[in-house]
Amino acid sequence: MRYKKLNFQVKETPHFEMYTYLKNDSLVKWLSKEAEVWYGMHQQVFQDTFLRKNPVIIYNNHPEFQQTTAISGEISVGTGGVTEAFKQRVVMPVMQINQQTRHVLGHEMVHAFQYRALMEGKDTTRLESVANIPLWMVEGMAEYLSIGKKDAFTAMWMRDAYARNDIPSLKQLTEQSQKYFPYRYGQAFLAYLGATYGDTVIMPMFMETAKYGYEVAMKRVFGYDAQTMSTLWRNSMETAFKTLDKDTASRPIGQPLITASNGGRMNVAPAISPDGRFVAFMSEKDLFGIDLFLADAHTGTIIRKLGSRMTNKDIDEFSYLESAGDFSPDSKRFAFSVFSEGRNKLMVIDVESGRVLAVQAMGDIFEFTNISFSPDGETVAFSGLKEGQSDIYTYNLKDKKVTQLTNDKYSDFQPSFSPDGKSIVFSTDRKAYESDARSVDIPLSLALLDVETMQVTPIAVFFGANNLNPHFAKDGQHIYFLSNADGYRNMFRYSLATLAVEQMTDYFTGISGITEYSPAMSVSDNDEIVYSYFKGNQYNIYKAKATDFQPQVVDATTVDLAAAMLPPYINRGVNVVNTNLQNFNLYQRIDGSQIKPIAYRSKFKLDYLANTGVGMTIGSRYGAGMAGGVFGSFSDILGYNQIFTTLNINGEIYDFGGQIAYVNQKSRWNWGGSISHIPYRYGFRGYAREDLGQGQGEEVVVNDYVIRQFETQLDAFVAYPFNQFHRFEIGGAVARYSYRAEKWRQSYFFGYGDRERISNEEASALGFGNLNALNVQQVSASFVGDKSTFGMTAPLDGFRYRVGAAQYVGNLNFTAYTVDLRRYVRLKPVTVAARAYSYIRSGADENRLRGNYIGYPFFIRGFDDLTPEKVGDLSFNDLMGARVVVGNFEVRLPFTGPEKLAAVKSNFLFSDLNLFFDAGLAWNKGNTIVGSLEKKPIVQQTDLDNELLFDESGAPILGYDRNYRSPVFSAGVSLRINLFGAMVLEPYYAVPFISSRTRFGTFGLNFMPGW
């Protein structure tokens, strides 16, 4: 959803159209020049030229990027940028660190080249060919071409895979992308290919994969099958890592505090309280996203959640990727950054009770991270992003005043107060940004900020390496920080008095968070250190005292990134990519005069066109028929205006239908409308003796009555989202309902027959209802909410609801009320789910339309087959009414699937096992409701003309009074199966609670996901 309207301006460069609303013109120019440099570099690999200017849409920050309309679907905190296929739009935010912005721009530019090569190249490929390309190749190319083979973070991942003897094959990379992260492993494999065969093989491999798949491509390009290539790659890494001469089994220093046994696989952003009693951390421990937990810092026992998006209305998402919170000096409060209502907000929680003390926006700073309390507990420091510029700010919790401490083009990140509150230590790229280095890297150094004078003093340590996550020691004279100066990711300590640097750890993998820039360490007032350690493809949190480490003095001017290189270490092929990256700043930038403002043009065009196939029938008793359809979507460049069209036919010309819909998403208010013509077809079969005119006289005839209802409608809607989870909708429609009734006759014994249209009056006399055309106008309003977490086949946590009303006038006059409430409570390993649903028509014409049928399995299971042995004396009419109420209760057990979720581990079969209880009631105005079927009065039955019925002996035919209705119930067990994402299949066994049935239960099948 969008919380505010953004006014984009367009700047044109030789190869791009840059869409931004940044007021920071110097940053717009920098981004434009960077885009052109990346274009020139990638062009050397792809050997391709953009035939038209590529759109690049830049958002000021990540919260506003998450509201983009250029990309459909939700964008998570972990998404750095997106390149969509149809218009090759590069959509991304300005990141908090200049190096990240540069990298994401280069990464997404690779995707733009990939899509253009598939769709506009000379080869026999098209967009659908991307389905042949595994994710590790798509993303691995983007990472390799924008980072190269010098990457301490990816190298750490590969060393970990080597240490646990789990370097995957290409087949494993392709089929188990959840286990083997495509970005990291794909980059490593591309680095191997580049060093071994030369970067000129990358494009042929990509195109051959698009045409034939990766297995054939390996054989055609390299002459080896995929398994052999996997073996060669693995051998290359094993050989390289053996030369590092470092213990792969090195044990982390300190006490394992949060591991997979009491946390999740990803336990990150640790923060220890000043008194050393508590540790807060982020984890996917509960599977359905990242939550903030509080644990005992001595035992690791989880005390409670400090915050969860599922239970706290102010939390849309946590800022977990590259941010951490902090405890107040008295250890009674915890402050952290959350995503809320389209921006970051500061949330302060009482540690003892878990009560939210404050939720505060930081003025015009929409994104901020890494909170640090001042020693007096009245102020917090943070790194904030404003107009694409990352600076250090403070916020006074009492007077609610925001103060900007740095104001420049440099990236200032991860501030931390000194014990006396006079200084802040932070990471910054100010030295690297101004250096004459050639490389693509803009590494982060350390600096001190005088809070009173705002004077910045650089700390001369490990220039050229990334130095992050600094914290003062208790004495205020030492600073702990993390650095990849040795090519790994270790902890170091810097002395402000002597300027000496000591290495505190020497790990084969490293101290790290989810990304290279994630905070991974915290220090208490007692110099107790908690840190997240990456090993075994998981992040565990350890706690150690400063005295537990064995520091070694190292040279602060020496940076050795040999271990940060991806194997093999020797390049034998044409080294285009890494040579270019090493000389990135030598590429000539375009002149400012080549960056020109141009008028915004919507560029409305076709995005997507698909068909549902075509089918024909001939020779049936219903004559020739045709089935097929086509769907198309159109949008402008920013996705503000969208048009969706569909045309379908299923049978004869009468069965032709279509719809065209328009949606406007430019502001917080969404609005749109549609015009449609939709045919519905239903029928009845009967038997009679009639003369078909074939000389047989009266004979047994099968009569099929086909009723077509045509709905022609013009509608409009307006929707206002309160936040990501709740919205209000209003709508209106004008519709005409018309009918066509036909009778198909066929000789029961001889097969010949005929067809005739019957009048509406005749159809009505046969009991098909009033088929006269109707003109209806409608207005409606609804409150809608959805904060559910979907599992493998059904929601497993959260809630959904819709509460609405609609007024119909014209030839029909009634009011329709809808209430649909759903709640899901996760009680590991099961979810308890409940639904209450009601649809009630009330008014003069409430019974004129066909009623709602509650016997469908998505309402009540066990009543889709109404044979007496299964449902006793229950009839179809007992389940049909203008007013219905349905209640459902389920206990859902994830049965087969991912190990952390399901009872039985499976990589292919995803299913839920469910115990259910269903109940429902359908009735019309004037009906009398009784407790059970057996309590209905027995009366003589009547025909459609209300004439009394008698059997052949003249005795009255008796049955239940149709003016009485009773609720129905069933219970049973079902298994929902996710068929590879295409659909959900639910076989079930239900027991209807009807005493007159003769069979205990009934099997059935449902084709919908769980409610």
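Accessible areas here come from the Shrake-Rupley method with a 1.4 Å probe. On that basis the accessible surface of the chain in this predicted model comes to about 42,800 Å², with 54% of it belonging to carbon and sulfur atoms. The chain has 14 helices and 58 strands, and its radius of gyration of 34 Å is close to the 30 Å that the globule rule gives for 1011 residues, so the chain is as compact as a globular protein of that length.

**Overall dimensions and contacts**
- Taken along the principal axes, the C-alpha atoms of the chain fill a box of roughly 115 × 65 × 55 Å.
- Of the 1011 residues, 55% count as buried, and among contacts with a separation of 6 or more, 61% are made by residues 24 or more positions apart.

**Helices α8 and α3**
- Helix α8 (residues 202–212) is largely enclosed by the rest of the structure, because eight of its 11 residues are buried; these include I202, F206 and A210.
- The buried residues of α8 pack against α1 (25–46), α3 (98–120), α4 (135–147), α7 (182–197) and α9 (214–222), while G213, just after α8, takes a positive phi of about 95 degrees.
- Helix α3, one of these packing partners, is itself mostly covered, with 21 of its 23 residues buried, and it reaches 32 Å from its first C-alpha to its last, close to the 33 Å expected at 1.5 Å a residue.

**A nonpolar surface patch**
- L606, L609, V630, L647, I653, Y654 and F656 together make a nonpolar surface patch of about 620 Å².
- Within this patch, V630 lies in strand β35 (residues 623–635) and is partly exposed, with a relative accessible area of 31%.

Note on methods: Residues are numbered from 1 along each chain as its sequence is written. This is a predicted model: local features need pLDDT of at least 70, side-chain atom pairs count only at pLDDT 80 or more; totals for chains, interfaces and linings use all residues. Side-chain values use heavy atoms; hydrogens and water are left out. Patches are made of residues with over 30% relative accessible area and no salt bridge: like charges are joined within 9 Å, nonpolar side chains (Val, Leu, Ile, Met, Phe, Trp, Tyr) within 5 Å. A salt bridge is a side-chain nitrogen of Lys or Arg within 4 Å of a carboxyl oxygen of Asp or Glu. Helices (H or I, at least four residues) and strands (E, at least two) are DSSP runs, numbered from the N terminus. Buried means under 20% relative accessible area, exposed over 50%, partly exposed in between (1.4 Å probe, protein chains only). Contact means heavy atoms within 4.5 Å. The expected span of a helix is 1.5 Å times one less than its number of residues. The radius of gyration is taken over C-alpha atoms; the globule rule is 2.2 Å times the number of residues to the power 0.38.
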